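Work through the following exercises with the structure open beside you. Try each task before reading its solution.

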Amino acid sequence: MNNKANRVARFTSSKISVLTVNGRGPYGFGAGALTYINEKKMELELGRGISLPVYKWEMSWGKMWEVWVHWQLGSEYELVIDQTTLHPKYPFWSGSEDFKVNISDGCISELKCYQMSKHYAYTECLLKQDIQFFKDNFKEEYFQIVSNSIIHNTKFGEAIAFMPTEENLVEMREMLEGSDYIETKLKDDPWKYRFAYERDLWDLPFIPKHSTFPSLTKFRFEVPTEDKIYLTERVLKAQKLLNDDFQI
């Protein structure tokens, strides 16, 4: 992921929210944005990503469920997790969404498979079906959706929160250990997923049988035009700063 051609030295949707945080730097950027811009400058000159990959089981956990969730969502959704798209006008801006939703005026969808406490908070947020509340409390997730909506010129964006039920997890463990799901569907190294069937069930995140808390929650909304304009302005200013040989 770090060295994909369409991501190196480009502002990407997954990190784009840092550019929306105000501070005392040039163009009103905060310290986090200045660090991010400088990292992109280094990548541009080095010709590669600067962050070396670090394996974390939580990352494999999320990937493990992407195909499975797609099966549950149905034919309206197209799984596009391995695609990174450049902005049609600004090639220094790119994004990788999880799903394209085949509806009128277009929609992109982002799936988050968080751990216990964050899944609870994210689900509670999405259940409110309130754009401003989403933006205020999950800025990174919100602007990732805004960014990908801009890149793909869609009217709508969608956030999905998912955590397996106890039954889902039991089924997944059996599939991981007894089939070629990892090799054929995830196209990944099997050793990364051994934790999912070797650990005790209760050492993994899931919604137990006696709970009524939602396993899957969706919030689809029309992406505000003003946020599309604002984010575009911030990205253009960030690129100008990068081109001005900015350093921190």
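**Exercise 1. Two helices against α9**

The axes of helix α5 (residues 139–152) and α9 come within 10 Å, crossing at roughly 90°. This is a predicted model.

Task: How are α5 and α9 oriented to each other, and which residues make the contact?

Solution. Start with the angle: the crossing is at roughly 90°. Angles of 65 to 115 degrees count as roughly perpendicular. α5 and α9 are therefore roughly perpendicular to each other. On the α5 side, the contact is made by Y142, F143, V146, S147, S149 and I150. On the α9 side, D227, K228, L231 and T232 take part.

Task: Now take helix α1 (residues 31–46) and helix α9 (residues 225–243); what is their orientation, and what is the handedness of their crossing?

Solution. The axes of α1 and α9 come within 10 Å and cross at roughly 55°. That angle lies outside the ranges for roughly parallel, roughly antiparallel and roughly perpendicular, so the pair falls into the rest, called oblique. α1 and α9 are therefore oblique to each other. Their crossing is right-handed. From α1, the residues in contact are L34, I37, K40, K41 and L44. From α9, they are A238, L241 and L242.

**Exercise 2. The length and burial of α1**

Task: What span should the 16 residues of α1 have, and how far apart are its end C-alpha atoms?

Solution. The expected span is 1.5 Å times one less than the number of residues. For the 16 residues of α1 this gives 22 Å. The end C-alpha atoms are 23 Å apart, which agrees.

Task: Which residues of α1 are buried, and what covers them?

Solution. The buried residues of α1 are A33, L34, Y36, I37, N38, K40, K41 and E43. The elements that cover them include β1 (11–12) and α9. Just after the helix, G47 has a positive phi of about 75°.

**Exercise 3. One residue of α9**

Task: Is V235 buried or exposed?

Solution. V235 is in helix α9. The cut-off for buried is under 20% relative accessible area. V235 has 0% relative accessibility, so V235 counts as buried. Next, look at what surrounds V235. Leaving aside its neighbours within four places in sequence, V235 is in contact with F11, I16, L19, F92 and W93. V235 and I37 are 198 residues apart in sequence, while their C-alpha atoms are 9.9 Å apart in space.

**Exercise 4. Helix α2**

Task: What span is expected for the 17 residues of α2, and where is the kink in α2 centred?

Solution. At 1.5 Å a residue, α2 (residues 57–73) should span 24 Å. Its end C-alpha atoms are 25 Å apart, which agrees. α2 has a kink of about 35°, centred on E66. E66 is also among the buried residues of α2, which include W57, W61, W65 and W68. After α2 comes G74, with a positive phi near 100°.

Task: How does α2 pack against α6?

Solution. The two helices pack at an angle of about 105°, and their axes are 12 Å apart. That makes α2 roughly perpendicular to α6. The residues of α2 in contact are W61, M64, W65, W68 and W71. Those of α6 are N168, L169, E171, M172, M175 and L176.

**Exercise 5. Loop residues**

Task: Is T165 exposed, partly exposed or buried?

Solution. T165 lies in the loop between β7 (156–162) and α6 (166–178). At 21% relative accessibility, T165 counts as partly exposed. Beyond its neighbours within four places in sequence, T165 is in contact with F206, I207 and S215. The C-alpha atoms of T165 and P205 are separated by 8.9 Å, with the two residues 40 apart along the chain.

Task: What is the sign of phi at Q129 and at N153, and how exposed are these residues?

Solution. Most residues other than glycine have a negative phi. Q129 has a positive phi, near 50°. Q129 lies in the loop between α3 (116–127) and α4 (131–137), and at 42% relative accessibility Q129 counts as partly exposed. N153 has a positive phi of about 55° although it is not a glycine. N153 is in the loop between α5 and β7, and at 68% relative accessibility N153 counts as exposed.

How values were computed:
Residues are numbered from 1 along each chain as its sequence is written. This is a predicted model: local features need pLDDT of at least 70, side-chain atom pairs count only at pLDDT 80 or more; totals for chains, interfaces and linings use all residues. Side-chain values use heavy atoms; hydrogens and water are left out. Helices (H or I, at least four residues) and strands (E, at least two) are DSSP runs, numbered from the N terminus. The bend at a residue is the angle between axes fitted to the seven residues ending there and the seven starting there. Buried means under 20% relative accessible area, exposed over 50%, partly exposed in between (1.4 Å probe, protein chains only). Axes are lines fitted to C-alpha atoms, for helices over the stretch in contact, and angles run from 0 to 180 degrees between N-to-C directions. Angles under 35 degrees count as roughly parallel, over 145 as roughly antiparallel, 65 to 115 as roughly perpendicular and the rest as oblique. A crossing is left-handed if the near helix is turned anticlockwise from the far one by less than a right angle, and right-handed if clockwise. Contact means heavy atoms within 4.5 Å.
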